[in-house]
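Let's take a stroll through a protein model and look at its side chains and backbone. Keep the 3D view open while you read.

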Amino acid sequence: MKQKLSLFDYFHIVAFIMFVSFTAIFISFIAYQTYTRFEKDAQKLQIEYLDSKKKMLQNEVARFVDYINIKRVQAYAQTQDMVKLRVKEAHKFANDLYMKYKDIKTDEQIQEIIIEALRTLRYENGKGYYFITRLDGVEMLFSDKPQMEGKNMLPLQNSEGRYIVKGMIDVVKSSNEGFYEYAWSKPEEVREDFKKITFLKLFEPYGWIIGTGLYLDDLEVKAKVEIANDENRLQFDKDNNNYIFIGEWSGLSLTYPSKNKNMYHVTDKNGKLIVQELIETAQNGGGFVEYVMPPLRGERNINKLSYVVGIPDWHWYVGAGIFLEDVDHEIAKLEKEIKQELQKTIFSIVLLVLSFSIVLVFFYLYLSRKIKRDFKTFTEFFDSLSNKDEIIDLKSIKFREFDELARHANTMLQAKLAINKNLAQYKKIVSNSDDLLALIDTNYVYLAISEGYLQFFNKPKEEILGHSMPELFGEQYFEENLKKSSDRVLGGESFENEYWVKSAEGMRYLHTKYFPYASEEDGSIEAYTVSARDITEKKANEDRLIASEKELEFLAHNDALTGLPNRIFLNDRISHAIKNSVRHNSLLAICFIDLDNFKKINDSFGHSYGDDILQQVAMRVQEVIRSSDTLSRIGGDEFILLIENIKSNVEISAIIGKIQNVFVQPFMCKEQKFFLSASIGISVYPDHGLESETLIKNADAAMYKAKDLGKNTYAFYTIDMTIASYERIGMENALREAIKEKQFLVYYQPQINLQTGKVIGAEALIRWNHPSEGILAPGRFIGFAEETRLIIDIGSFILRQAAIDLVGLQKEGMGDFKVSVNISGVQIEYSDFLLTLKNIIAETQINPSSLEMEVTESFIMNDPQRWIELLQSMKRLGVSIAIDDFGTGHSSLSYLRKLPINKLKVDMSFVKDIPEQEDACAIVNSIINLARNMKMSTLAEGIETKEQETYLATHECEEGQGYLYAKPMNLKDFKQWLKTRT
């Protein structure tokens, strides 16, 4: 037989030749490819890097221009919204005045009332005003240019040749209201092309156009300043000091590096007019400009490339630039890095190939010797195997090593086939799996189980394998919970199931899969496999997630403190109730409930007390309202009750009565009693509004009416409440104008010593010299001034003017007495009155002993401890103190004796009934005796008859004032009156 070739000798030679050839070719190819790629990458890098920098500049400039456009759109929308809102308010104000007076005044009178009311209304720091134009073009109101009123404005043209008033008339004729934009001039401006946005609305009763307008650029100024000072947006590459720059076409720079400087004639070192070229490029659509950067504020004097675009209507250019030296440095740096990387790559490859070659040679030699040495061992091993199944054809073997191996391999085939069946079974069970795996036969006996199964039940393998499921779980549990699933899978069905199982650690929730196990011979079901996974934690997380979602859903529509519906839920219920009211022709009511003086609980005891009280209020009210009605809390101490399906206001009053009764009993919190009441405002659908917002707003207005009626009551909405609201707006604007224009006057009413008849003082009283209504008494405006806190400025004016006037009288030899000035509690609450008093004394150089401060009894009792400290500080300055309207409030004698008071003023409501009525006399006598015992003087107000004067003097009242002596007078008349007394 021919000697066969040795595989190992043949392979040694071939492998060596192939390895050496491959290594040489591979190293040469890698070196060539590396050098070629470096050359191409370097050229491509220069082009792409500069392009990327240009693209970056374009993107940064485009981003900033987008930001500017957003700011402009916001300014435009803000202007539109503002003028529309103002005209809507003015139109409703005019309509309410018309409806109020149409049956009691002539059209001419009503028109005059409306015009004068709107004339005083200003907004936007006085820039915004209203105008009224008739549909025939005659100007009825032009607050800014009253000389134009009464003239026909139809021929009026602007700089564009447009007939402005005719255009306005066309707008309202086509749709009754709308926006109108045109170019117009500004006061003290040469240009006449300022864009003005107006909103117009037809007032049908008189064929009027009511409108107002604002200049767009006035609101854009804020946006321009914000843009030019937004340093975070202007700087986009801090490492290289790259930034966005902005300038005007006039050459004025608005940003770094030459902010607020005119750079129009600045040149670089080559004589190029940099800013002029930037402006020209921006005006022509934008582009790139290359120049040498001047050394501004430390800037480098090197080549720079900038991209610039224009914003024509703002006359702005916006750009960004990079220093080309930085680009060259970056490119060179990248090229160097690439070259170094390629060199490292080549060196690493060569080193790797050589290292691999050495290792491979040693490994190859070692393996060859090992294979030869171990081959005989394998032969002996194969000889020990038997039960050959199929013989290998030895003639097909080329190499003698495998020829011998094949002989012995044939002997192991039979043994391999014999174990295949057992191996298949064991592959079904993965003993090291965390899942619960088991193989169970048709008699419910365990054939195989996983380690996880044993750990779950905490039992040794011997107590489960070979035992049945009824033995493990108990006969009853098996029959009730497991047998049905076992029979299903033994019937050939595969399925999944989830259930609770008692484990060694207690009840656990399992997700279980069942698979039938069929015989490979005939396909019959021999057993089934169970694969179970413990998902107890997963199920718990899912349950918690479901609970959280329900809680979030609840909080989205309910108040977190009381659990009542919130405003969102309430609006939905009101909308639904309105639909039902329309369908069933019924009424619904919105009741706005505000707790009286609730703030004192939070201020005195803390918010924990207040929150507890609010929860109690919610519970009590819910117990007395109908199940069909909805109580909601909209914030603070404010609640809204929706009452549905009612036919008359009588039903509403009955429900409100039940609500008021819940406040009869005190509320308890931490053994502390609290007595509360509520003011309730009511609006009714459809009489007082057709949608949710209007009904709530009107109910709110009615609630304030209930507050004005003394609290602890309720009031239904009336149209007068809205009119009063607008009148308050007009009053506030008029008062602010009066303060600004110094329309207030100080009148003086003398105070007399009842025993000697000598003038011992004068009370300073405020009067308003109204431009259209003449002199107004304080009763017309003081209450509102206190409500709006304008009394702070008015009170300072009275005190300063009274001091100035008294010092003047003293210099003329007529001021040997005190001047008495009233102080409002609002001045104390919301300003540093003591500092104001000190400054006025220092400013006017008045002797403090010539000043008497009058404070009302009711204000003192609101916070007596605070007033005690304040009045003591005032007393230390040298001024005297008097309590005004004494007897009309609720004084506490325990506090009254601590107050540093010089005088009690007896209120005129008691003086007017003496000496005829005994109860009035008794009260006056008590006040006089109280003052005398506390070492205070008394002054009676409102003395009008000699009988009153005689009674008071007889009962030892020291001082008095009233019409018996003189009415309040201006300074000129007061001087004349004083001269007649000397």
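What follows goes through ring pairs, salt bridges, a charged surface patch and some backbone oddities. Bear in mind that this is a predicted model.

**Rings that pair up**

A pair of aromatic rings is described by the distance of the centres and the angle of the planes. This structure holds 29 aromatic pairs. Take phenylalanine 179 and phenylalanine 199: their ring centres are 4.9 Å apart and their planes meet at 65 degrees, so this pair is edge-to-face. Phenylalanine 179 sits in strand S3 (residues 177-184) and phenylalanine 199 in strand S4 (residues 194-203), so the pair ties together parts that are 20 residues apart in sequence. How covered are the two rings? Phenylalanine 179 counts as partly exposed, with 32% relative accessibility, whereas phenylalanine 199 is buried, with a relative accessible area of 2%.

Now hop over to phenylalanine 495 and tyrosine 514. Their rings form a stacked pair, with 4.7 Å from centre to centre and 25 degrees between the planes. Phenylalanine 495 belongs to strand S13 (residues 495-503) and tyrosine 514 to strand S14, so the pair ties together parts that are 19 residues apart in sequence. Are these two buried or exposed? Both phenylalanine 495 and tyrosine 514 are buried.

Rings can also join up in groups: Tyr98, Phe203, Tyr206 and Trp208 are linked by ring pairs into a cluster.

**Opposite charges that meet**

Side chains of opposite charge can pair when their charged atoms come close. How many salt bridges does a search of the whole structure find? It finds 35 salt bridges. Here are some of them, with the distance from N to O:

| Lysine | Acidic partner | N to O distance |
|---|---|---|
| lysine 92 | aspartate 96 | 3.3 Å |
| lysine 459 | glutamate 463 | 3.9 Å |
| lysine 707 | aspartate 596 | 2.8 Å |

Lysine 92 and aspartate 96 are four residues apart in helix H1 (residues 7-101), so about one helical turn separates them. Lysine 92 counts as partly exposed at 32% relative accessibility, while aspartate 96 is buried, with a relative accessible area of 5%.

In the bridge between lysine 459 and glutamate 463, lysine 459 is partly exposed, with a relative accessible area of 30%. Glutamate 463 is partly exposed too, with a relative accessible area of 45%.

Then there is the bridge between lysine 707 and aspartate 596. This pair links distant parts of the chain, 111 residues apart: lysine 707 is in helix H18 (residues 692-708), and aspartate 596 is in the loop between strand S16 (587-595) and helix H15 (599-605). Why does lysine 707 count as buried? Its relative accessibility is 17%, and buried means under 20%. Aspartate 596 counts as buried as well, at 3% relative accessibility.

Salt bridges can also be joined together: Glu763, Glu854, Lys905 and Glu941 are linked in a network of them.

**A negative patch outside**

On the surface, Glu520, Glu521, Asp522 and Glu526 gather in a patch of negative charge. Glutamate 520 is in the loop between strand S14 (506-518) and strand S15 (525-534). With 72% relative accessibility, glutamate 520 counts as exposed.

**Backbone oddities**

Most residues other than glycine have a negative phi, and most peptide bonds are trans. So where should you look for exceptions?

Start with the cis peptide bond between tyrosine 256 and proline 257, where omega is about 15 degrees. Proline 257 lies in the loop between strand S7 (242-248) and helix H6 (274-283). Another cis peptide bond joins tyrosine 685 to proline 686, with omega of about 5 degrees. You'll find proline 686 in the loop between strand S21 (678-685) and H18.

As for phi, asparagine 176 is not a glycine, yet it has a positive phi of about 70 degrees. Asparagine 176 is in the loop between helix H3 (164-175) and S3, and it counts as partly exposed at 37% relative accessibility. Lysine 935 is not a glycine either, and its phi is positive at about 60 degrees. Look for lysine 935 in the loop between helix H28 (918-933) and strand S30 (937-940). With a relative accessible area of 73%, lysine 935 is exposed.

Conventions:
Residues are numbered from 1 along each chain as its sequence is written. This is a predicted model: local features need pLDDT of at least 70, side-chain atom pairs count only at pLDDT 80 or more; totals for chains, interfaces and linings use all residues. Side-chain values use heavy atoms; hydrogens and water are left out. Patches are made of residues with over 30% relative accessible area and no salt bridge: like charges are joined within 9 Å, nonpolar side chains (Val, Leu, Ile, Met, Phe, Trp, Tyr) within 5 Å. Accessible areas come from the Shrake-Rupley method with a 1.4 Å probe; for residues, only the protein chains shown count as cover. A salt bridge is a side-chain nitrogen of Lys or Arg within 4 Å of a carboxyl oxygen of Asp or Glu. Lys and Arg count as positive and Asp and Glu as negative; His and the chain ends are not counted. The place of a charge is taken as NZ of Lys, CZ of Arg, CG of Asp or CD of Glu. Helices (H or I, at least four residues) and strands (E, at least two) are DSSP runs, numbered from the N terminus. Buried means under 20% relative accessible area, exposed over 50%, partly exposed in between (1.4 Å probe, protein chains only). Rings of Phe, Tyr and Trp (its six-membered ring) pair if their centres lie within 6.5 Å; planes under 30 degrees apart count as stacked, over 60 as edge-to-face and the rest as tilted.
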